[in-house]
Amino acid sequence: MASKVTPRVRMPATAKAGEIIEVKTLISHDMESGQRKDASGNKIPQHIINKFTATFNGKEIFSVGWYPAISANPYQAFYVRVPESGTFEFTWFDEDGTTYKAEQKVTVS
Amino acid sequence: MNSISAARTRRIFLQSTALGILALTQGAKSVLASAADVDALIKAIAGDRKPKEGRITLDLPTIAENGLVVPLNFEVESPMTESDFVKSVHIYAEGNPNVRVADYTFTPLSPKAAAQIRIRLAQTQSVSAVAVMSNGDVYATKKEVKVTIGGCGG
């Protein structure tokens, strides 16, 4: 697998109180399905990110469990409400125990 | 080699090849899931309640040229308040080696039970979305996608 896993999040940094905004996330990861074979016919073992969560000021808003049917470099878009200024935190959980994190501060104007 | 043994060798070759092909196709069939697997999963979620139609908008291309990257978009109609919200949404692909695609969990803090993702589809098949509401109601919908190139390696 590519050694560098880079999470990316795109969302506005400012919002009106109570506004609903779309969050787009992308992470570079092979999401090896466990179905593929290498050149000599051996199965390549499964290695995926199996969970993604989004929290706002520590409270969970949204989470999703992923299976091998998710494409490589998983793209996930969803919606959040911004009740007040605060920090959104996004976490990807790799099957091997690694977690990848990204955060975004949003200011209510 | 005389002609008799050549014919026999050929017959044996044909028989073994035919057997090999039969084994291959049967093997390939058992690897992939079926619509019954999806029904079993929906039953496990819904229990005695019959899944209702409506409220879910499931958006997928009618024809996907590349099964490795198929955009999927869903939205479930709901006020998303403390008393009435969408608890979870499950995506199943009945023709993949593993039926499960994604399990979404929403909370009253999520303003919309909607998301977009890109999925893999091994072959032409129906993709199902099942939504569980906070009051226990279950909604289900299905959409067929024609896949030109399958997306599960092999």
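I count two residues as in contact if their C-beta atoms, placed from the backbone, lie within 7 Å. This is a predicted model, in which local features need pLDDT (the predictor's confidence in each residue, from 0 to 100) of at least 70 and side-chain atom pairs count only at pLDDT 80 or more, while totals for chains, interfaces and linings use all residues. Residues are numbered from 1 along each chain as its sequence is written, and chains are lettered from A and ligands numbered from 1 in the order in which they are written.

Entry on the interface. I found 28 residues of chain B in contact with 26 residues of chain A. On the chain B side, β5 (100-106) and β6 (113-119) each supply at least two residues, strands here being DSSP runs of E of at least two residues, numbered from the N terminus. The largest share of that side, 7 residues, comes from β5(B).

Entry on strand pairing. I looked up β6(B) next and saw that 3 bridges join β6 (residues 75-82) of chain A to β6(B), the two running antiparallel. Q116(B) in β6(B) is the bridge partner of A77(A).

Entry on confidence. Chain B averages a pLDDT of 83, with 78% of the residues at 70 or above. Among the elements of chain B, β6(B) has the highest mean, 95, and helix α1 (residues 3-31) the lowest, 56, a helix being a DSSP run of H or I of at least four residues. Over residues 22-30 of chain B pLDDT stays under 50, and the model has 0 contacts for them beyond four places in sequence. Where pLDDT is low, the predicted coordinates should not be read in detail. For the model, I noted ipTM 0.90 and pTM 0.81.

Note on methods:
Pairing = 2+ DSSP bridges.
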